[in-house]
Amino acid sequence: MYTQIRDLNIDTVLAKKQFQSIIQNLKSESSHIQVQKAKEWIFPIQGYTPKYIGGKNGEGYIPQGYDFFTGNNHKAHPAHDIFIYDFNQDCIDDKTKKYVNVLSVTEGIVVACTKTWDTTSTLRGGIYVWVYCPSEEALFYYAHLNSVFVDIGGIVQAGESLGTVGRTGLNAYKKRSPTHLHFSMFSVKNNLPVPQNPYQKLCSAKCIP
Ligand SMILES: [Zn+2]
């Protein structure tokens, strides 16, 4: 369904109804699954800290004009971009000489992900992972990844590696874009996604070296 929304191949009213029923099912199913509730948030990039969040004091977060159900076609940025040291844009950290892990901020269930992307695609998210966290009743979106280590339906713990930071996606791939993770949070209200600014949560998250 997310692919249909992303590509504008589904009627908005229908998409909302489908989304609500999927979330309803997720809520009832997840009560049977043993997902240990995390004590605290984990910062979503291993080896990095909140000072690498783009924009002064989280100003990169621009929710105005965003609608989850209008897919790829919007100008808002209900997200934070978190930048890594990658001067030559090969997705390998200039300091550690390794790929950089994207960590799940909370525990949850992988509800959507892609594993491939080609450079001619006009999709903006590139390679991405969506995680639903039952205890927060929220969805988390990690985009522009280089690789993905999880599968749809998989259970992840807070701090588990979802993949690595990359440059996939229409704009993220361009030379002018420094390598970063695009990270969003959506609270689920009336079983529909509502953008939330996770800046304070990110600032107080536990950083994994
Ligand atoms: Zn972004």
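# A tour from the strands to the zinc site

Begin by selecting strands E4 and E5, which run antiparallel and are joined by 6 bridges. Keep in mind throughout the tour that what you have open is a predicted model. E4 covers residues 127-133 and E5 covers residues 138-148, and the two strands form a hairpin with 4 residues between them. If you colour the turn of this hairpin, you will find Glu137 there, with a positive phi of about 45 degrees. To see one of the pairings in detail, select Val129 and then look across to Tyr142 in E5, which is the bridge partner of Val129.

Stay with E5 for a moment and show its surroundings. Is this strand mostly covered or mostly open? It is mostly covered, since 9 of the 11 residues of E5 are buried.

Next, add strand E8, residues 180-189, to your selection. E5 and E8 also run antiparallel, and 6 bridges join them. A good pair to display here is Leu139 together with its bridge partner in E8, Phe186.

Now add strand E7, residues 161-165, which pairs with E5 in the antiparallel sense over 3 bridges. In this pairing, Val148 stands opposite Gly163 in E7. Strand E2, residues 101-103, pairs with E7 as well, again in the antiparallel sense and over 3 bridges, and here you can pick out Asn101, which stands opposite Thr164 in E7. Why is E7 described as largely enclosed by the rest of the structure? The reason is that 5 of the 5 residues of this strand are buried.

With these strands in view, turn to the side chains and select Ile45, Val129, Phe140 and Tyr142, which have the most contacts inside the largest nonpolar core, a group of 33 residues. The elements that give two or more residues to this core are E3, E4, E5, E7, E8 and helix H3, residues 199-203. E5 provides the largest share of the core, with 5 residues. Apart from this core lies another one, of 21 residues, and you can locate it by selecting some of its members, among them Ile5, Ala15, Ile23 and Phe69.

A short detour leads to the loop between E3 and E4, where you will find Gly126. Gly126 has a relative accessibility of 6%, so it counts as buried, the cut-off for that word being under 20%. If you draw a distance from the C-alpha of Gly126 to the C-alpha of Lys115, the value is 9.0 Å, although the two residues are 11 apart in sequence.

The next stop is the zinc ion. Which residues of the protein act as its donors? Select His77, Asp81 and His182, whose donor atoms, NE2, OD and ND1 respectively, lie 2.0 to 2.1 Å from the zinc ion. Along the chain, these donors follow the spacing H-x3-D-x100-H. If you check how covered the donors are, you will find that both His77 and Asp81 are buried.

Leave His77 and His182 selected and add His74, Arg124 and His144, because these five, among the 30 residues that line the largest pocket, lie nearest its centre. This pocket has a volume of about 560 Å³. Several elements each supply at least two residues of its lining, namely helix H1 (2-6) and strands E1 (80-83), E4, E5 and E8, and the strand that gives the most is E8, with 4 residues. When you colour the lining by class, it divides into 14 nonpolar, 11 polar and 5 charged residues.

Finish at the second largest pocket, which has a volume of about 290 Å³. Of the 15 residues that line this pocket, Met1, Tyr2, Ile22, Val111 and Ala112 are the closest to its centre, which makes them a convenient selection for finding it. Helix H2 (12-30) and strand E3 (108-113) each supply at least two residues of this lining. Colour the lining of the second largest pocket by class in turn, and you will see 14 nonpolar residues, 1 polar residue and no charged ones.

How values were computed
Residues numbered from 1 in each chain as written. Predicted model: local features only at pLDDT ≥ 70, side-chain atom pairs only at ≥ 80, totals over all residues. Heavy atoms only, no water. Donors = N, O, S within 2.8 Å, 3.2 Å for Na, K, Ca; no water. Buried < 20%, exposed > 50% of the residue type's maximum accessible area, 1.4 Å probe, protein only. 1 Å grid on protein atoms, 1.4 Å probe; cavity = no way out; pocket = protein on both sides within 12 Å on 5 of 7 lines; lining within 4 Å. Points joined across faces, edges and corners; volume = space filled by probe spheres on them. Nonpolar A, V, L, I, M, F, W, Y, C, P; charged D, E, K, R; others polar. Pairing = 2+ DSSP bridges. Core = buried A, V, L, I, M, F, W, Y, C linked by side-chain atoms within 4.5 Å.
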